[in-house]
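Student: I've got a structure open and I'd like to talk it through with you. Can we start with one helix and move out from there?

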Amino acid sequence: MERARSFPSRRRLLKGAALAALPYALLPDVRATAQSAVVDYPGAEWNSATSSNYTASDRPESYELDYVIIHVTQATYANTLSIFQNPQKKVSAHYVVRSADGHVAQCVREHDVAWHAGNWDYNTRSIGIEHEGWVDKPAYFTNALYEESAKLTAAICDQYGIPKDRAHILGHYEVPGTDHTDPGPNWDWTRYIRLVNFA
C-alpha cells in the first residue's frame, strides 16, 4: 500500500514566505545607501554637503572643466564639513583635505557645481579643494596634506585633461572678483605643482 503524499497548504506556504521576507523589509535599502556613498576619488570618504549648498549638474557635458581651485578652510576639518552640511551657509567644495594625515573627504560629486569660488563662471568650470588650516598658520600645511592633495589634484587633472600648471591650478585669490586671500603667502606653490606633476 502506497502512502499518501503530504503537501503543505497554500496558506501555509504564503505565511512562510511572508515571515521569511519580514527581516528584509525592515532593513534599509542597501542599494540607495551604496549609491549615495559613491566617490569620484578612490580612498576619499563620502561626507555629503547639503543639496542646498551646490547645484546639481552633469559636468563635463554641461560645462567644460578647466581648473582646480585651491582653498584654505580658515576652520577645522570637522567644522568645515559641518558648514557644508548647513543649508544656511550656501557654500561647499568638492573635497576637504585634513591637515594631520592628508585624509580626503568628498562633499560634492565632481559632475555637480560646488559653490566655492565666489564666481559662478569659475564654479561651473572648476573642482574646489579645501585644505584644513589658516592662511597665517603654516604649520597646518603638513607634508601629508601637500602630498595627498597633490595626488588628488593630479587625478582630477588626468580625468578631465586639465594641464598641471599654475594657469590651471589656481589659488582662490586668483579667481576674478573674489575678496579671498587663500591659500595665502605660506602655501608653497613650487612644491605643490612639483608634487602634482610627479604624483
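Student: Which residues of helix H6 are buried?
Tutor: This is a predicted model, to be clear from the start. In H6, which covers residues 189-198, the buried ones are Trp189, Tyr192, Ile193 and Val196.

Student: And where do they sit around the helix axis?
Tutor: They span an arc of only 95° around the axis, so they lie on the same side of H6.

Student: Which residues are exposed on the other side of H6?
Tutor: Thr190 and Phe198 are exposed there.

Student: What covers the buried residues of H6?
Tutor: The cover includes strand S3 (67-72), strand S7 (126-131), helix H5 (143-160) and strand S8 (169-171).

Student: What caps the N-terminal end of H6?
Tutor: Asp188 does that job, with a side-chain oxygen 3.4 Å from the backbone nitrogen of Thr190.

Student: Let's zoom out. How many helices and strands are there in the protein chain?
Tutor: The chain has 6 helices and 8 strands. Going along the sequence, their pattern reads α-α-β-β-β-α-β-β-β-α-β-α-β-α.

Student: How much of the chain counts as buried?
Tutor: 41% of its 199 residues.

Student: And the contacts, what share join residues at least 24 apart?
Tutor: That's 73%, taken among contacts between residues at least 6 apart in sequence.

Student: New topic: pockets. How much space lies in the largest pocket?
Tutor: About 290 Å³. It is lined by 18 residues, and the closest to its centre are Val72, Thr73, Val91, Glu130 and His180.

Student: Which elements give two or more residues to that lining?
Tutor: Those are S3 and helix H3 (77-84). H3 makes the largest share of the lining, with 3 residues.

Student: I care about cysteines at the bench. How many disulfides does the count come to?
Tutor: The count is 0 disulfides. For a pair to be counted, the two cysteine sulfur atoms would have to be within 2.5 Å.

Student: Is Cys107 buried or exposed?
Tutor: Cys107 is buried, at a relative accessible area of 1%. Cys157 is buried as well, with 2%.

Student: OK, backbone oddities. What kind of peptide bond joins Arg59 and Pro60?
Tutor: A cis one, with omega at about 5°. Pro60 is in the loop that runs between strand S2 (54-55) and S3.

Student: And what about the bond from Asp182 to Pro183?
Tutor: That bond is cis too, and its omega is near 10°. You'll find Pro183 in the loop between S8 and H6.

Student: What is phi like at Gln74?
Tutor: Gln74 has a positive phi, about 60°, even though it is not a glycine. Its place is the loop between S3 and H3. At a relative accessible area of 39%, Gln74 is partly exposed, because that class runs between the 20% limit for buried and the 50% limit for exposed.

Student: Where does Lys90 lie?
Tutor: Lys90 is in the loop between H3 and strand S4 (95-97). Lys90 is not a glycine, yet its phi is positive, at about 55°.

Student: And how accessible is Lys90?
Tutor: Its relative accessibility is 49%, so Lys90 counts as partly exposed. The cut-off for exposed is over 50%.

Technical notes:
Residues numbered from 1 in each chain as written. Predicted model: local features only at pLDDT ≥ 70, side-chain atom pairs only at ≥ 80, totals over all residues. Heavy atoms only, no water. Buried < 20%, exposed > 50% of the residue type's maximum accessible area, 1.4 Å probe, protein only. Helix = DSSP H or I, 4+ residues; strand = E, 2+ residues; numbered from the N terminus. Arc of directions from axis to C-beta. Contact = heavy atoms within 4.5 Å. Polar contact = N/O pair within 3.5 Å; in protein donor to acceptor, adjacent residues only side chain to side chain. 1 Å grid on protein atoms, 1.4 Å probe; cavity = no way out; pocket = protein on both sides within 12 Å on 5 of 7 lines; lining within 4 Å. Points joined across faces, edges and corners; volume = space filled by probe spheres on them.
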